[in-house]
Amino acid sequence: MNYFLAKTEPSTYSIDDLERDNRTAWDGVSNPQAVRAIREMRFGDRVFIYHSGGASSIVGFATVKSAPRDDPKNAKSAVVDLEYGGRLEPPVTLAEIKTSKKFDDWALVRQGRLSTMAAPEKFVAWMRERYPKAKL
């Protein structure tokens with residue numbers, strides 16, 4: 001199983017929306033590097049849901065429920081279906097991630113505008129320690 005992180009503005013689509021809908025098509029990604037990450041997703045992979053803007057933080061997680069496919073609205077993009085997996089309480093802020101100094105080489109820290117990316121295994125291990133009851 002692989003892990004990814006997907007950013008969203010909570011005013012556009014929040015963890016509340018994903019929980020209510022239970023499942024959504026993750027679309028609207030245009031950066032080639034982020035599109036590549038979506039194309040690498042496989043059924044059963046986990047995705048950390050990150051709210052950008054305001055108190056930027058990881059607020060929950062989802063499971064990939066489809067193979068990636070071309071975005072019908074944008075030929076240069078890709079779409080994958082995500083299913084709500086749970087919330088992370090309390091959320092992990094970007095400030096906490098940066099302060100830890102453990103992930104300075106990760107795109108989340110280095111490329112602030114990248115919307116979708118792979119999550120490194122050392123980050124996943126760190127999150128499992130923080131949230132032992134979450135099904136990460």
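This section describes the fold, the core and selected local features of a predicted model.

The protein chain contains five helices and seven strands. From the N terminus on, the order of elements is β-α-β-α-β-β-β-β-α-α-β-α. The C-alpha atoms fill a box of roughly 40 × 30 × 30 Å along the principal axes. For 136 residues, a compact globule would have a radius of gyration near 14 Å. The protein chain has 14 Å, so the value agrees with that of such a globule. Of the 136 residues, 48% count as buried. The chain exposes about 7100 Å², and carbon and sulfur atoms supply 50% of this area. Contacts between residues at least 6 apart in sequence were also examined. Among these, 64% join residues at least 24 apart.

The largest nonpolar core has 44 residues. Those with the most contacts inside the core are Trp26, Phe48, Ile49, Ile58, Trp106, Phe123 and Met127. Strand β6 gives the most to this core, with six residues. Phe123 touches Phe48, Ile58 and Trp106, which are also on the list of residues with the most core contacts. Phe123 touches Ile97 and Phe103 as well. These contacts of Phe123 leave out residues up to four places away in sequence.

Strand β2 spans residues 23-26. One face of β2 is covered and carries Thr24 and Trp26. The other face is uncovered and carries Arg23 and Ala25. In a regular strand the side chains alternate between the two faces of the sheet. Trp26, on the covered face of β2, is among the residues with the most contacts inside the largest nonpolar core. Strand β2 pairs with β6 in the antiparallel sense, over four bridges. Within this pairing, Ala25 of β2 has Asp81 of β6 as its bridge partner. Ala25 itself belongs to the uncovered face.

Helix α2 comprises residues 32-40. Its buried residues are Ala34, Val35, Ala37 and Ile38. Seen down the axis of α2, these residues fall within an arc of 155°, so they line one face of the helix. An α-helix has 3.6 residues a turn, so residues three or four places apart point the same way. The buried residues of α2 pack against four strands: β1 (3-8), β2, β6 and β7 (116-118). Two of these, β2 and β6, are paired with each other.

Three backbone features stand out for description. The first is a cis peptide bond between Glu89 and Pro90, with omega about -5°. Pro90 lies in strand β6, which covers residues 74-93. Strand β6 is also the element that gives the most residues to the largest nonpolar core.

The other two features are positive phi values outside glycine. Phi of Asn22 is near 70°. Asn22 lies in the loop between α1 (15-21) and β2 (23-26). At 36% relative accessibility, Asn22 counts as partly exposed, because the class lies between 20% and 50%. Lys101 has a positive phi of about 60°, although it is not a glycine. Its place is the loop between α3 (94-100) and α4 (107-110). At 60% relative accessibility, Lys101 counts as exposed, because this class begins over 50%.

Technical notes:
Residues numbered from 1 in each chain as written. Predicted model: local features only at pLDDT ≥ 70, side-chain atom pairs only at ≥ 80, totals over all residues. Heavy atoms only, no water. Buried < 20%, exposed > 50% of the residue type's maximum accessible area, 1.4 Å probe, protein only. Core = buried A, V, L, I, M, F, W, Y, C linked by side-chain atoms within 4.5 Å. Contact = heavy atoms within 4.5 Å. Pairing = 2+ DSSP bridges. Rg over C-alpha atoms; globule rule 2.2 N^0.38 Å. Areas by Shrake-Rupley, 256 points an atom, 1.4 Å probe, with all protein chains shown as cover. Arc of directions from axis to C-beta.
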